[in-house]
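Thanks for asking me to look this one over. I have put my notes as short numbered points, so you can follow along with the structure open beside you.

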Amino acid sequence: MGEFMKYLPLTLIITLASSLLVALVFNPVLCANLMQVPDKSKQGKRFGDRLMAMGIRSYEPVLNWALKHRMVTICGVFTLLVVMVMLYGTFSAGVELFPDVDPRIAFVQVEAPSGTRVELSDNYARTVEQAIDEIPDLKVYVTEVGSAGDASFGGSGDAPPHLTRLTMEFVSHELRKNSSRDMLERLRNMLSGFTGAELTIDKQEEGPPTGPPVNIEIVGEDFETLGEISAQVKQRIEGIPGLVNLADDFDRGLPQLVVRPDLDKAARMGLRTMDLASTILTAVKGDDVGKYRVGEDEYDIIVRYQPTFRQKVEDIENATIFYEGEAIPVSAFATPVFRTSLASISRIDGERVVTVSADVGPTYNANDRLARVQELLLDFPLPAGYTMVYTGESEDQEESQAFLSDAFAVAIMLI
């Protein structure tokens, strides 16, 4: 924040210091050399002198009246100040931490349910691309299927296949025929009927990084309860005009195939759970068994089952574990079970947190929409031990206003 705002105090410091230097050094020298003692016989003949005389004649009676009626003058000035504050509160369009300008870069995030195959994510991306193709003033767009747009996933085998990110770049501002903000709103309307995945259309933020305009952190112990509360919060505020990209980070649907061994049967056969785990891991994901070198290049040697033997649940059941010369099928002592689980658990300061966030559309003020959200959630019932905290851009704005208020007071005293 300081890096972004430092130009304001620097400008004031340089300007006031320069003004002081001119007043104390240059002006006395210029006056001593260029100004002359006025001739009283010629006073009032020049336009500037006549204007000065008129100002003095009108200023002196007002000053005398104000000095004789001091309480009336002070009360009148104070009343004028109150009226100005009331007028500002009535007609003000609100306060923004940073002005909402036409973006040059925008994003479309497509989040399918956890476990979605990359081929289906690619189909979702192609549907979004068809809508983007109709947006004018677009210079280029790039689609990354199986990517969250996060450097932590870039180029690694752990890229999430259910996430897709489309990055759009508009032409330079002077070459645009339309507002890029309006084009993003048009894209939202075109994709309003999109189903199968959650869409988030957002723009590149200008200035320091801040959180979303509406960012609600729900803190508690049980993650399932946090998910239920977040769903209720979304349902209560989703009808507020101006809120877009309403979402939470509670991922409910990560599919899993759990292989549960019968420990008694496994013990009678002389098998350990580690033997089962390593066999399943080798069959499905593969096992790094060595390196293959060609000159200075080195390649991992991964051993795993052929694709035709690791596509179905029956393939897992038919996998065999070799023990003392015998091939024991997994189905003899273990049972595969389908279930869903949490894809991730978020913590802040060691406490479990689910965050509900939303952006604010064009022509709407973020503070006004946040106030409306807080009004609707004022009587929201929370279980014992659970709290709700408003963070994001509003928290950054409160911190900035507190700092600027102190800086303003110091500046007034210094000036």
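The points below go through charged side chains, a surface patch and a helix start.

1. A word on the source before anything else: this is a predicted model. Please read each distance and accessibility below as a value computed from that prediction.

2. Let me begin with the charge pairs. Side chains of opposite charge can pair when their charged atoms come close. Searching the whole structure turns up 14 salt bridges. I pick out a few of them in the next points.

3. Arg104 and Glu169 make one such salt bridge, with 2.8 Å between the closest N and O atoms. This pair ties together distant parts of the chain, 65 residues apart: Arg104 sits in the loop between α4 (70-91) and β1 (105-111), while Glu169 belongs to strand β3 (residues 163-170). Arg104 is partly exposed, at 41% relative accessibility. Do have a look at Lys139 too, as Arg104, Lys139 and Glu169 are linked in a network of salt bridges.

4. Two further salt bridges are worth a glance. Arg117 and Glu119 meet at 3.5 Å, N to O. Here Arg117 is exposed, with 60% relative accessible area, and Glu119 is partly exposed at 44%. In the other bridge, the side chains of Asp288 and Lys291 come together at 3.9 Å, N to O. Asp288 has a relative accessible area of 40% and is partly exposed; Lys291 is partly exposed, also with 40%.

5. Now for a buried acid: which side chain of opposite charge is nearest to Asp359? It is Arg188, 5.6 Å away, and Asp359 has no salt bridge although it is buried. Because a salt bridge requires the nitrogen and the carboxyl oxygen to be within 4 Å, the 5.6 Å to Arg188 does not qualify. Asp359 lies in strand β14 (residues 351-360), and its side chain has a polar contact of 3.1 Å with the side chain of Asn245. Beyond its neighbours within four places in sequence, Asp359 is in contact with several residues, among them Asp202, Pro212, Pro213 and Gly242.

6. Glu217, in strand β5 (residues 214-220), makes a useful companion case. Glu217 is buried and has no salt bridge, and Arg347, the nearest side chain of opposite charge, is 14 Å away. What Glu217 does have is a polar contact of 3.2 Å, side chain to side chain, with Thr391. Not counting residues up to four places away in sequence, Glu217 touches residues including Ile348, Val353, Val354, Thr387 and Met388.

7. On the surface, please look at the nonpolar patch of about 790 Å². Leu20, Leu21, Val22, Leu24, Val25, Phe26, Leu30 and Leu34 make up this patch. Phe26 lies in helix α2 (residues 7-34), and it is partly exposed, with a relative accessible area of 45%.

8. My last stop is Thr273, in helix α9 (residues 273-284). Thr273 is partly exposed, at 45% relative accessibility. Leaving aside neighbours within four places in sequence, Thr273 is in contact with Pro261 and Leu263. How far apart in space are Thr273 and Leu263, C-alpha to C-alpha? They are 7.9 Å apart, with their positions 10 residues apart in sequence numbering.

Methods: Residues are numbered from 1 along each chain as its sequence is written. This is a predicted model: local features need pLDDT of at least 70, side-chain atom pairs count only at pLDDT 80 or more; totals for chains, interfaces and linings use all residues. Side-chain values use heavy atoms; hydrogens and water are left out. Helices (H or I, at least four residues) and strands (E, at least two) are DSSP runs, numbered from the N terminus. Buried means under 20% relative accessible area, exposed over 50%, partly exposed in between (1.4 Å probe, protein chains only). Lys and Arg count as positive and Asp and Glu as negative; His and the chain ends are not counted. A polar contact is a pair of N or O atoms within 3.5 Å; within protein, one must be able to donate a hydrogen and the other to accept it, and residues adjacent in sequence count only if both atoms are side-chain atoms. Contact means heavy atoms within 4.5 Å. Patches are made of residues with over 30% relative accessible area and no salt bridge: like charges are joined within 9 Å, nonpolar side chains (Val, Leu, Ile, Met, Phe, Trp, Tyr) within 5 Å. Accessible areas come from the Shrake-Rupley method with a 1.4 Å probe; for residues, only the protein chains shown count as cover.
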